[in-house]
Amino acid sequence: MKVAIILAVLVAAVLCEDHLSGHQEERSQDLSLVKFGPLCSGNPTNRKRGCDRHGCGAYGAKRTHGTHKGLDIVCGDGAVVYAPFDVTLNGMAAPYRRPSAAQKLINNGVNLSGGGLCFKLFYLKPDKYSGSLKKGQRIGVLGPMQRVYPGITSHTHVQMCDRSNPTKYF
Ligand code: ZN
């Protein structure tokens, strides 16, 4: 009888421990969330675009048709865009399907995978569209955004391949 009671207590203690360690795992997963390294020269902290006369840079911000499906990181025209992780380049990613003459100037970008994530960067002219880069190496140069949207906070647009919200990775 005594043995049974001791066993019951032990089982309860083990179950309890499992429960606790489960919670701890969740927490350490949040803490170890992968974070984008600096994307753009002149913006070492990945400062986000706020709002300007052309709109806001946050994910989910209102657009003429629907909502903003990415997050805009401040980047000046002609600034160098860097690999935020060790990345593989997976081809061109163009932001506009039917660009205006002006929009053609910045209708460029690249599909990337790295840090366990699949994402796109828009408005830059990559040096190449395939192969790989180490974190911090140059991907290319930001396009002439001011010529297309005068007064905008020039930026690169970060969009996850599944169109989910990338903000937690910044
Ligand atoms: Zn954007």
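**Strands and a pocket: a short tour**

Hi everyone, let's start with one pairing: L121 has V158 as its bridge partner in strand 11. Before I go on, please keep in mind that this is a predicted model.

So where does that pair sit? Strand 7 and strand 11, which covers residues 155–160, are joined by 4 bridges and run antiparallel.

Now let's look at the other pairing of strand 7. L121, in strand 7, also stands opposite V110. The strands here are strand 6, residues 109–114, and strand 7, residues 117–122; they are antiparallel too, with 6 bridges joining them. If you follow the chain from strand 6 into strand 7, you go through a hairpin with 2 residues between the strands. Have a look at G115 in that hairpin, as G115 takes a positive phi near 60 degrees.

On to the pocket, which I think many of you will want to click on. The largest pocket has a volume of about 910 Å³. Which residues lie nearest its centre? They are R63, H68, P95, Y96 and Y123, out of 31 residues that line the pocket.

Here the strands come back into the story. Strand 7 and strand 11 each supply at least two residues of that lining. Strand 11 gives the largest share, with 3 residues.

And what is the lining like by class? There are 11 nonpolar residues, 11 polar ones and 9 charged ones in the lining of the largest pocket.

To wrap up, keep strand 11 in view: strand 11 pairs with strand 7 through 4 bridges, and strand 11 also provides the largest share of the pocket lining. Thanks for listening!

Definitions and conventions:
Residues are numbered from 1 along each chain as its sequence is written. This is a predicted model: local features need pLDDT of at least 70, side-chain atom pairs count only at pLDDT 80 or more; totals for chains, interfaces and linings use all residues. Side-chain values use heavy atoms; hydrogens and water are left out. Two strands pair if DSSP finds at least two bridges between them. On a 1 Å grid over the protein atoms alone, a cavity is a set of points where a 1.4 Å probe fits but cannot get out, and a pocket is an open set with protein on both sides within 12 Å along at least five of seven lines; lining residues have an atom within 4 Å of a point. Grid points are joined across faces, edges and corners, and a volume is the space filled by probe spheres set on the points. Ala, Val, Leu, Ile, Met, Phe, Trp, Tyr, Cys and Pro count as nonpolar, Asp, Glu, Lys and Arg as charged, and the others, Gly among them, as polar.
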